[in-house]
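Trainee: I would like to go through this structure and ask, for each label, what justifies it.
Mentor: Go ahead.

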Amino acid sequence: MRWVFEGDGWLTKFLENNDLSMKESLKQLWETMEWRKSSGINEIREDNIRMEYINDGLMYPRGRDVDGKTVFIFRSKLYVRGTRNLDDLKKCFLYWIERIIREANDDLVTIVFDLTDAGLSNVDMDYTKYIINTFKNFYPCSLNYILIYDLPWILNATFQIIKKLLPAKAVDRLRNISSKNIREYIDDDNMPRSWGGRDDYVFEFVPERRKSMELPLMQNGIQNGILSKKVGLEWIYCFFFC
């Protein structure tokens with residue numbers, strides 16, 4: 001609630017996602033808050049998730065893209081469909097997204113699906129749909145890019161299915177990339193050696209030093225909180241009476 005009534009970043013994302021429709025924006029915001037409560041999002045911590053899934057390095061944040069946004073990497077070849085509990089895997093995904101948001105102060109995120117050496121057994125459409133729908137419904141306008149790296153020809157049909165699932169705004173940020181053009185999005189210093197970069201990082205989990213997110217004093221050149229104070233009550237009125 002603090003991010004709704006004291007900061008403008010969250011409100012701006014919902015408004016942008018709904019083409020400035022106040023009623024539709026509040027509807028999505030309300031549904032998001034209900035989902036966060038029913039799913040216990042604020043209670044997801046390292047002591048109540050499957051840490052063996054985390055330690056496997058299937059997904060983790062590392063480095064920045066060319067716009068300075070956190071890069072979140074999915075290493076598809078490490079996942080074999082049907083070998084992990086899907087609900088636990090979803091919870092691990094939510095842990096990382098929430099952690100990235102806290103550490104990046106609610107800035108945009110770039111997701112890289114690394115499909116190097118991946119095959120049909122490494123693609124789980126149920127899990128993929130969950131990731132897409134979670135961003136679409138509950139983290140609107142939070143992605144800087146969605147990068148599909150080294151897509152094997154055998155997965156071309158899967159890529160087209162994923163593309164159709166994405167909302168129009170997300171499709172505009174979707175890129176099918178390879179070693180030939182990855183530097184348009186991630187520079188050598190932030191690029192793993194396996195992609196041709198200089199970063200020789202090997203994943204090792206580091207516990208989060210959790211702290212409250214700081215609300216920036218300015219948001220897009222405007223004093224933070226102005227939008228939320230101005231439209232907060234108007235949103236509530238519109239939601240119930242418009």
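**From values to labels**

Mentor: The protein's secondary structure comes to nine helices and seven strands. The model is predicted. Of the 242 residues in the protein, 48% are buried, and among contacts between residues at least 6 apart in sequence, 78% join residues at least 24 apart.

Trainee: Why is the pair of F93 and F135 called edge-to-face?

Mentor: The structure holds 16 aromatic pairs. For F93 and F135 the ring centres are 5.8 Å apart and the planes are at 70°. Rings pair if their centres lie within 6.5 Å, and planes over 60 degrees apart count as edge-to-face, so both conditions are met.

Trainee: How do you know that this pair links distant parts of the chain?

Mentor: F93 is in helix 5 (residues 86-103) and F135 is in helix 6 (residues 125-138), with their positions 42 residues apart in sequence. F93 and F135 are both buried.

Trainee: What makes W96 and F205 an edge-to-face pair?

Mentor: The two centres are 6.0 Å apart, with 70° between the planes. The limits are within 6.5 Å for the centres and over 60 degrees for the planes, so the label holds. W96 lies in helix 5 and F205 in the loop between strand 5 (174-177) and strand 6 (218-219), so the pair ties together parts 109 residues apart in sequence. W96 and F205 are both buried.

Trainee: Which residues form an aromatic cluster with F93?

Mentor: W35, F72, F74, F113, Y130, F135, F138 and Y139 form one aromatic cluster with F93.

Trainee: What makes R84 a charge over the ring of Y53?

Mentor: The charged end of R84 is 5.2 Å from the centre of the Y53 ring. The distance limit is 6 Å, and the charge must also be within 35 degrees of the ring normal. R62 likewise lies over the face of Y201, at 3.9 Å from the ring centre.

Trainee: How do you know that strand 1 and strand 2 pair?

Mentor: Four bridges join strand 1 (residues 59-64) to strand 2, and the two run antiparallel. Pairing takes at least two bridges, so four are enough. One bridge can be named: the partner of Y60 in strand 2 is I73. The hairpin of these strands has five residues between them, and there G68 takes a positive phi near 85°.

Trainee: What joins strand 2 to strand 3?

Mentor: Six bridges join strand 2 to strand 3 (residues 109-114), and these strands run parallel. F72 has I111 as its bridge partner in strand 3, and F74 has F113. Strand 3 is also joined to strand 4 (residues 143-149) by six bridges, again in parallel. T110 stands opposite Y145 in strand 4.

Trainee: What makes strand 2, helix 5 and strand 3 a right-handed unit?

Mentor: The three elements make a right-handed β-α-β unit. The label means that, with the strands pointing away from the viewer, the path from the first strand over the helix to the second runs clockwise. Strand 3, helix 6 and strand 4 make a right-handed β-α-β unit too.

Trainee: Why is strand 3 called mostly covered?

Mentor: Six of its six residues are buried, and buried means under 20% relative accessible area. Both faces of strand 3 are covered, with V109, I111 and F113 on one side and T110, V112 and D114 on the other. Strand 2 (residues 70-75) is also mostly covered, with five of its six residues buried.

Trainee: Which residues have the most contacts inside the largest nonpolar core?

Mentor: They are M59, F72, F74, F93, W96 and Y139, in a core of 58 residues. Helix 5 gives the largest share of this core, nine residues. Not counting residues up to four places away in sequence, F72 touches M59, F93, W96 and I111, among others.

Trainee: What does the second core include?

Mentor: This separate core of five residues includes W10, L11, L26 and L29. W10 and L11 are also among the buried residues of helix 2 (residues 9-17). Helix 2 is followed by D19, with a positive phi near 55°.

Technical notes:
Residues are numbered from 1 along each chain as its sequence is written. This is a predicted model: local features need pLDDT of at least 70, side-chain atom pairs count only at pLDDT 80 or more; totals for chains, interfaces and linings use all residues. Side-chain values use heavy atoms; hydrogens and water are left out. Rings of Phe, Tyr and Trp (its six-membered ring) pair if their centres lie within 6.5 Å; planes under 30 degrees apart count as stacked, over 60 as edge-to-face and the rest as tilted. Buried means under 20% relative accessible area, exposed over 50%, partly exposed in between (1.4 Å probe, protein chains only). A nonpolar core is a set of buried Ala, Val, Leu, Ile, Met, Phe, Trp, Tyr and Cys residues joined through side-chain atoms within 4.5 Å. Contact means heavy atoms within 4.5 Å.
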